[in-house]
Amino acid sequence: MSILQLQNITKIYNQGKSNALTALNEIDLDIKKGEFLAIVGESGSGKSTLLHILGGLDTPTSGEVIYNDKKIKYTNINRLASYRNSEVGFVLQDFGLLLRETVIENVCVPLLFSNCSFTKMKQKALNVLKLVGIDDLAKRKTAQLSGGQKQRVAIARALVNDPDIILADEPTGALDSKTSSEIISLLESLNNLGKTVVIVTHDLSIAKRCNRVIKIVDGEIL
Ligand SMILES: Nc1ncnc2c1ncn2[C@@H]1O[C@H](COP(=O)(O)OP(=O)(O)O)[C@@H](O)[C@H]1O
Ligand SMILES: [Mg+2]
């Protein structure tokens, strides 16, 4: 059963200008519920653009994104925001954390847009911190953490709204091989809990641990 489909997706940056650039060219992709998918490809091939379109962070120039058999309508701002915030959990390339805030405050950020009470927010944040194995660090300033710990915070933050899909852009790009392997084990365990996981990676040893690997070359799936 499909959870997320791309139909004939093209993304052109700066369309109509002299610096127009086709980042994705007529991409079709069908992601099954519960899949653990790796997207590989050289730098500049369009991996991040693809992930951003999957997560509703960017709009395609043409084509359709279909989530649970429903087309995403980019004109429905509220629905799009709720897709981005609740259905999908995004783990960003550079962690995207607020370094001066505590771990638990970072994990609470996606909940600030819900009508969750402060007590409930803290409870939810602690639950996901426990799930990623760093609940003991909840009150630490994020700047004081190691790279692997920061990546766990980013994953906890992506999980706090209990999304169906985790999208991770080079989640191990800044980590040593042992820590990378631990982060992938964590993503595997989330996949075993039923989450659909899509990761962009340069690392073939990581890609091998996924159910399926797709390769992007110049904006097209090989
Ligand atoms: N906001 C943007 N404006 C213009 N060009 C962009 C933008 N983002 C990415 N690009 C270009 O689109 C292509 C694909 O980029 P990206 O998706 O980031 O690739 P990857 O993640 O595989 O390195 C690259 O040529 C990049 O320079
Ligand atoms: Mg990228």
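## Sheet and ligand site at a glance

Glycine 89 has its bridge partner in β7, namely isoleucine 166. That pair sits in a predicted model, and it's a handy way into an open sheet of six strands with mixed pairing. The other thing to look at is ligand 1, which has 61% of its 560 Å² buried by the protein.

**The sheet as a whole**

- Reading across the sheet, the strand order is β6-β7-β8-β3-β9-β10.
- The edges are β6 and β10 (220-221); each has a single partner strand, so one side of each goes without a neighbour in the sheet.
- Over on the β3 side, residues 36-40 (β3) run parallel to residues 212-217 (β9), with four bridges between the two strands.
- If you want a residue pair to find there, try valine 40, which stands opposite lysine 215 in β9.

**Strand β7 and its neighbours**

- β7 covers residues 165-169, and five of its five residues are buried.
- Ile165, Leu167 and Asp169 point one way from the strand, while Ile166 and Ala168 point the other way.
- That fits the general pattern: side chains in a regular strand alternate between the two faces of the sheet.
- On one flank, β6 (residues 88-91) runs parallel to β7 and is joined to it by four bridges.
- On the β8 flank (residues 196-200), the pairing is also parallel, this time with five bridges.
- Within that pairing, aspartate 169 is matched with valine 200 of β8.
- Getting from β7 to β8 takes you through helix α6 (residues 177-192), and the three together make a right-handed β-α-β unit.

**Around ligand 1**

- Which residues surround ligand 1? They are Tyr13, Asn14, Leu21, Ala23, Glu42, Ser43, Gly44, Ser45, Gly46, Lys47, Ser48 and Thr49.
- By type, that shell splits into seven polar, three nonpolar and two charged residues.
- Both β2 (21-32) and α1 (47-54) put in at least two residues, with α1 giving the largest share at three.
- Serine 48 uses its side chain: an N or O atom there is 2.8 Å from an oxygen atom of the ligand.
- Glycine 46 goes through its backbone instead, with an N or O atom 3.1 Å from a ligand oxygen.
- Serine 45 also offers a polar backbone atom, at 3.3 Å from an oxygen of ligand 1.
- As for cover, ligand 1 would expose 560 Å² taken alone, and the protein buries 61% of that.

Terms used. Residues are numbered from 1 along each chain as its sequence is written. Chains are lettered from A and ligands numbered from 1 in the order in which they are written. This is a predicted model: local features need pLDDT of at least 70, side-chain atom pairs count only at pLDDT 80 or more; totals for chains, interfaces and linings use all residues. Side-chain values use heavy atoms; hydrogens and water are left out. Buried means under 20% relative accessible area, exposed over 50%, partly exposed in between (1.4 Å probe, protein chains only). Two strands pair if DSSP finds at least two bridges between them. A crossover is right-handed if, with the strands pointing away from the viewer, the path from the first strand over the helix to the second runs clockwise. A residue is near a molecule or strand if one of its heavy atoms lies within 4 Å of it. A polar contact is a pair of N or O atoms within 3.5 Å; within protein, one must be able to donate a hydrogen and the other to accept it, and residues adjacent in sequence count only if both atoms are side-chain atoms. Accessible areas come from the Shrake-Rupley method with a 1.4 Å probe; for residues, only the protein chains shown count as cover. Ala, Val, Leu, Ile, Met, Phe, Trp, Tyr, Cys and Pro count as nonpolar, Asp, Glu, Lys and Arg as charged, and the others, Gly among them, as polar.
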